[in-house]
Structure formats: C-alpha cells, structure tokens
Amino acid sequence: MNEAQIGTALLAWYDGHARRLPWRVPPAERRAGVLPDPYRVWLSEVMLQQTTVAAVTGYFHRFTARWPTVEALAAAEDADVMAEWAGLGYYARARNLLKCARTVTDLGGFPDKAEGLRALPGIGAYTSAAVAAIAFDRAEPVVDGNVERVMARLYDIHTPLPAAKPELTARAAALTPDKRPGDHAQAVMDLGATICTPRSPACGICPLRAPCAARAAGTQGALPKKTPKKAKPLRLGTAYVARREDGAWLLETRPASGLLGGMLGFPGTDWSEAPQPAPPLSADWRPLGAEARHTFTHFHLALQIETAVLPMEAQPARGTWVARHAFRPASLPTVMRKVHDLAQAAFTDCKWMLPQD
DNA sequence: AAGGCGTGGAG
DNA sequence: TCTCCAAGCCT
C-alpha cells in the first residue's frame, strides 16, 4: 500500500468509527462543508495537552457554558479562570489560555493558518497544526503522542523518542492528504486512542494491519521505544491550615510562575529535602495525624499538616481570610484539595470552636 | 536542549 | 503500591 492508499483506508475507517466528542464535528457533517468553531477546537486542544479525554470532558462543558466565546473568556477575571481550571493540572495552560484569548480578541479572531496560530501563547507545533487542520481544514502535519506511536509501528521505527521525532513527523507529513486533512488528523489520533493503543494494540481489527511493518515483524508491543526517565525524588513540606472563629479559611494565591503558579493554596514551607518551619502567623499550631501524599511530574511530596483556630482579630503575615461560604475546595489544585480534605475532617471535630455547615 | 510543569486511570 | 502514560509547551 502506498501513502495515498493508507490515507484512504484511514478515512474510510474514520467515517464508520469516529469517536463522538463534544468539541468535534462528525465526518458526515464535515464532508458536507461544516467546520467546527475555532474557539471550541482551540479550547479542547489546549485542555487535551497531556490530558485524557475523560478528564477533559467535564471541564470543556463548564468552560463553554460559562464562557461561550473567546471574547467572553478574554473578559473573564484571572482568578475565575484559574479556579475553573483547578484539578486539570499544568496550570501554565490556564495562564496562557487567558493571554491567548485576549490576543485573539484584539486580533478580531483566530488566525486561520498554522504559522499565525503558532505565535500565540500556549500554542506549539502540535496545537497550531491541529487547530489549522481541524478548524480550518489546512493540510498540516498533526503529530501528537498517538501519531508518533502509529507512525513508529506502521513503519517499524526503532529509534527511541524523542530522537525519533523528526523522522516520525516526516512520515506523518507524507501521509497527510490535501483532501479532508482535518478528518485525517482526527482519524490517526482516534486510531491511536482506540486501536493502536500503547499496551496490547488491537491489530486484528486495525484498518492498517496490512501495511503495518511492526505488525509484520511482531514488534508492535515494543514500539515506540522511549529513553528511560529519571527517578522521582521525595520532597518534604508542611502546610498550615488556619480557621478563624467565624469559620473563614486562611488562603494565599501562589506566585504567578512556577509550580501551581497563580493557583490558590494554603500557606506553607517550601518543598525540599529539609524545609524550615514557616507558619503564616503565631498560633497554637496542632499537627494533624495524617500527611498529604502527592506525586508531581518530577517529584513525590509528603506534606505535614498543621492546624489552628484563630480569634477574629488575628492578622496573618501571609495569605488572606476567605469567608466560609465563599470558599470552594474545588477551586484548589489537587494537592491542596487533599490537604483541605484531611484538615476538614479534623475541624469537623471542633464543634465547640467553629461554626459548622 | 534537557528539565520543569499535574493529574487520574490502567495494569 | 508503583510505574506508565494521555491530543505538549516553554525556557
């Protein structure tokens, strides 16, 4: 099979097996000339960076319900967008999402070619190609983790990632058709997500089993090869959870860059091998029996938790008091929500000290 | 250019 | 429990 025939087989398979996704226009409609809203394509693509469809779906619905257009999103408060993103991870995406929405609004709309999209914050090689292909039907090579895996197997490429990336991109580009490039891009990704999966690919029902070189060689289970990752060190820290007598919580907005940048959290020590105590104010701090354990991209964290109840006149050196009914734990990043859940259980036993919900 | 940057689910 | 990994980007 040559490249044109592979592309045809892929599109035929996609016409019958495309996943139905909230941000997608199905192939039958696209063939009739209907293209999706670039705002929804862009929003979904940013959310899907290193993130599963299952995790994204709820966030996508909440974002589009609250901010139906890029102009609406551009007008949002930073803190509202960060709170709505809480729990999805990689928070630089949310910061760049707002910057990008404001730039696009100033431009009067999304650029309709990959080059213009690529210049926007949070839009790299993959996302620019994906939005250009899916929202504007531009013939751009769309190369994500799925495409890398499909190409590595289809052509039995044993060079480990990321060194293999240029070769895999070249293969994907050679396969990209001039007709229906948006559906083609989504077809390769759907194939990777549903058939050509990382573990135990379903070669028996794959539309590309005939031309697949790895299938012929029996190497599909070992591809793509990847260079081994470094081990994650363990870091330690302490979070301070203070309640005021009226039930208010002491919270702070983290610095705008770096880990959990711009997100809400409890004041605490740094996270390191030997953190120094750093209570946000002087109080009768009580250690909580349990610790919060969490794993980030590049380290494990074991977080001690100290709790205290403060009088109304207490003036913290760090953070601000957030009224009991104004505080939504869902607006915290996951590690902080774990701290909250553990501390909340302890405060529930303080019926004589705090108002209860 | 290698490392920082989250999270939840699967095996 | 632990490792891997999912539609990457930025510096």
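In this predicted model, W249, F266, F327 and F347 are linked into a cluster by ring pairs. Aromatic pairs number 11 in total. One of them is formed by Y240 and W285, whose rings are edge-to-face, with centres 5.1 Å apart and planes at 65°. This pair connects distant parts of the chain, since Y240 belongs to strand 1 (residues 234-244) and W285 to the loop between strand 3 (264-265) and strand 4 (286-287), a separation of 45 residues. Y240 and W285 are both buried.

Within the cluster, the pair of W249 and F266 is tilted, with 6.2 Å between the centres and 50° between the planes. W249 is part of strand 2 (residues 249-253), whereas F266 is found in the loop between strand 3 and strand 4, so the pair ties together parts that lie 17 residues apart in sequence. W249 has a relative accessible area of 3% and is therefore buried; F266, at 3% relative accessibility, is likewise counted as buried. Another member of the cluster, F347, has the charged end of R243 over its ring, 5.2 Å from the ring centre. A further arrangement of this kind involves R62, whose charged end sits over the ring of Y59 at 4.7 Å from the centre.

Helix 3 (residues 38-47) is mostly covered, with nine of its 10 residues buried. Among these buried residues are Y39, W42, L43 and E45. The elements that cover them include helix 4 (53-66), helix 5 (70-74), helix 6 (78-85), helix 7 (92-107) and helix 9 (125-136). At the N-terminal end, helix 3 is capped by D37, a side-chain oxygen of which lies 3.0 Å from the backbone nitrogen of Y39.

E45 of helix 3 also belongs to the surroundings of DNA strand C: of the 24 residues around this strand, E45, G122, D144, N146 and P198 come nearest. By class, this surface comprises 10 nonpolar, eight polar and six charged residues. Sugar or phosphate accounts for 66% of the atoms of DNA strand C within 4 Å of the protein, and bases for the rest. A phosphate oxygen of the strand lies 3.4 Å from a polar backbone atom of A125, and a phosphate oxygen is 2.7 Å from an N or O atom in the side chain of T127. For D144, a side-chain N or O atom is 2.4 Å from a sugar or linking oxygen of DNA strand C. Helix 9 and helix 10 (145-154) are the elements that give two or more residues to this surface.

T127 is located in helix 9 and, at 3% relative accessibility, counts as buried. Its side chain is joined to that of Q49 by a polar contact of 3.0 Å. Leaving aside residues up to four places away in sequence, T127 touches E45 and Q49.

Technical notes: Residues numbered from 1 in each chain as written. Chains lettered and ligands numbered in written order. Predicted model: local features only at pLDDT ≥ 70, side-chain atom pairs only at ≥ 80, totals over all residues. Heavy atoms only, no water. Buried < 20%, exposed > 50% of the residue type's maximum accessible area, 1.4 Å probe, protein only. Helix = DSSP H or I, 4+ residues; strand = E, 2+ residues; numbered from the N terminus. Contact = heavy atoms within 4.5 Å. Polar contact = N/O pair within 3.5 Å; in protein donor to acceptor, adjacent residues only side chain to side chain. Near = heavy atom within 4 Å. Nonpolar A, V, L, I, M, F, W, Y, C, P; charged D, E, K, R; others polar. Phe/Tyr/Trp six-rings, centres within 6.5 Å; stacked < 30°, edge-to-face > 60°. Lys NZ or Arg CZ within 6 Å of the ring centre and 35° of its normal.
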